[in-house]
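This report is a first tour for a reader new to the structure. Take a look at the model, then follow the headings.

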Amino acid sequence: MIHKKTYNALEIETKHGTVIIEGPVPSDQIANFTFHEDLVAFRAPAQQHNAIIEIAKLPEGRIIIVRDQQTIVGYCTFLYPDPLERWSKGKMENLIELGAIEVIPKFRGTGVGKTLLRVSMMDDAMEDYITITTEYYWHWDLKGTGLNVWEYRKVMEKMMQAGGLEYFATDDPEISSHPANCLMAKIGSRVNSESVQQFDQLRFMNRFMY
């Protein structure tokens, strides 16, 4: 499969100034930007900066960023699912995962997260993919936001819906381990019925065990 990537960008005004949301951004450009020290949700900022540089180098890898002048203050990543996860078991070339989305606290609640998803889906090539995201409550910043798991879940759902992702049921044990966890996905308009059927089999792998 040829992974076409077409750059898109939106400029939005926030109460903290204007930011540019753009991508997919190539690895060399990501390397030249400063990575904000408050981007700590997944690992230390320097390590995460290197991680997204490496993702951008992958054939299927896509990095969309929120840029405050020359500083990355938010980002989201798209790549093939982790080989250890069930979503990679079908070896589907047209199934990619929204692996991480993060915005620094200063810009939360300004619509930046939703715009990240909108810019991600502005590329017509996304209609060739099934895009999934797995939401686990233990990744959420409940302490920093003061929200409970259900309030945070609602925020995450609204943000994902801005990119066209919807709730999908699954029997995945990790997702099923807590009712706030969920699978969301967007099936592109050019995805064929065989791929949809394969995705359904991945969602309900445990039904074949009985």
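## The largest pocket

Strand E6 gives the most to the lining of the largest pocket, with seven residues. This is a predicted model. The lining counts 47 residues in total. Nearest the pocket centre lie Phe42, Ala100, Ile101, Glu102 and Met156. The space inside comes to about 1200 Å³.

Several elements share in the lining. Helix H2 (45-57), helix H3 (112-120) and helix H5 (149-161) each supply at least two residues. So do strand E5 (71-79), E6 and E7.

## Aromatic pairs

The structure holds six aromatic pairs. The rings of Tyr136 and Trp138 make a stacked pair, because their planes meet at 5 degrees, and under 30 degrees counts as stacked. Their centres are 5.1 Å apart. Trp138 also pairs with Tyr137, and here the arrangement is edge-to-face. The centres of Tyr137 and Trp138 are 5.3 Å apart, with 70 degrees between the planes.

How buried or exposed are these residues? Tyr136 is buried, at 6% relative accessibility. Tyr137 is partly exposed, at 28%. Trp138 is partly exposed too, with a relative accessible area of 40%.

## A cluster with charges over its rings

Trp87, Phe168 and Phe199 form one aromatic cluster. Two arginines sit over rings of residues in this cluster. The charged end of Arg86 lies over the ring of Trp87, 5.8 Å from the ring centre. The charged end of Arg203 lies over the ring of Phe199, at 5.6 Å from the centre.

## Helix H7

Phe199 and Arg203 both belong to helix H7, which spans residues 193-203. Both are buried, as are Ser195 and Leu202. Where do these buried residues point, seen down the axis of H7? They fall within an arc of 100 degrees, so they line one face of the helix. An α-helix has 3.6 residues a turn, so residues three or four places apart point the same way.

The other side of H7 carries exposed residues: Ser193, Glu194 and Gln197. Strands help to cover the buried residues of H7. Among them are E6 (95-103), E7 (130-135), E8 (166-168) and E9 (182-187).

## Thr170, a buried loop residue

Thr170 lies in the loop between E8 and helix H6 (173-176). Is this residue buried or exposed? Thr170 is buried, because its relative accessible area is 15% and the limit for buried is under 20%.

Which residues does Thr170 touch, leaving aside its neighbours within four places in sequence? Its contacts include Arg86 and Trp87, and also Arg203. Arg86 and Trp87 are the charge and ring described above, and Arg203 is the residue over Phe199. The other contacts of Thr170 are Ile175, Ser176, Leu183 and Phe204. The C-alpha atoms of Thr170 and Asp200 are separated by 8.6 Å, although the two residues are 30 apart along the chain.

## Arg108, a partly exposed loop residue

Arg108 sits in the loop between E6 and H3. At 30% relative accessibility, Arg108 is partly exposed. Leaving aside neighbours within four places in sequence, Arg108 is in contact with Val103, Asp141 and Thr145. Gly74 is 34 residues from Arg108 along the chain. The C-alpha atoms of Arg108 and Gly74 are 9.6 Å apart.

## Backbone details in the loops

The peptide bond from Gly23 to Pro24 is cis, with omega near -5 degrees. Pro24 lies in the loop that joins strand E2 (17-23) and helix H1 (27-32).

Two residues that are not glycine have a positive phi. Gln69 has a phi of about 60 degrees. Its place is the loop between strand E4 (62-68) and E5. Gln69 is exposed, at 65% relative accessibility. Lys91 has a phi near 50 degrees. Lys91 is in the loop between E5 and E6. At 73% relative accessibility, Lys91 is exposed as well.

Notes. Residues are numbered from 1 along each chain as its sequence is written. This is a predicted model: local features need pLDDT of at least 70, side-chain atom pairs count only at pLDDT 80 or more; totals for chains, interfaces and linings use all residues. Side-chain values use heavy atoms; hydrogens and water are left out. Rings of Phe, Tyr and Trp (its six-membered ring) pair if their centres lie within 6.5 Å; planes under 30 degrees apart count as stacked, over 60 as edge-to-face and the rest as tilted. Buried means under 20% relative accessible area, exposed over 50%, partly exposed in between (1.4 Å probe, protein chains only). A charge sits over a ring if NZ of Lys or CZ of Arg is within 6 Å of the ring centre and within 35 degrees of the ring normal. Helices (H or I, at least four residues) and strands (E, at least two) are DSSP runs, numbered from the N terminus. The arc is that of the directions from the helix axis to the C-beta atoms. Contact means heavy atoms within 4.5 Å. On a 1 Å grid over the protein atoms alone, a cavity is a set of points where a 1.4 Å probe fits but cannot get out, and a pocket is an open set with protein on both sides within 12 Å along at least five of seven lines; lining residues have an atom within 4 Å of a point. Grid points are joined across faces, edges and corners, and a volume is the space filled by probe spheres set on the points.
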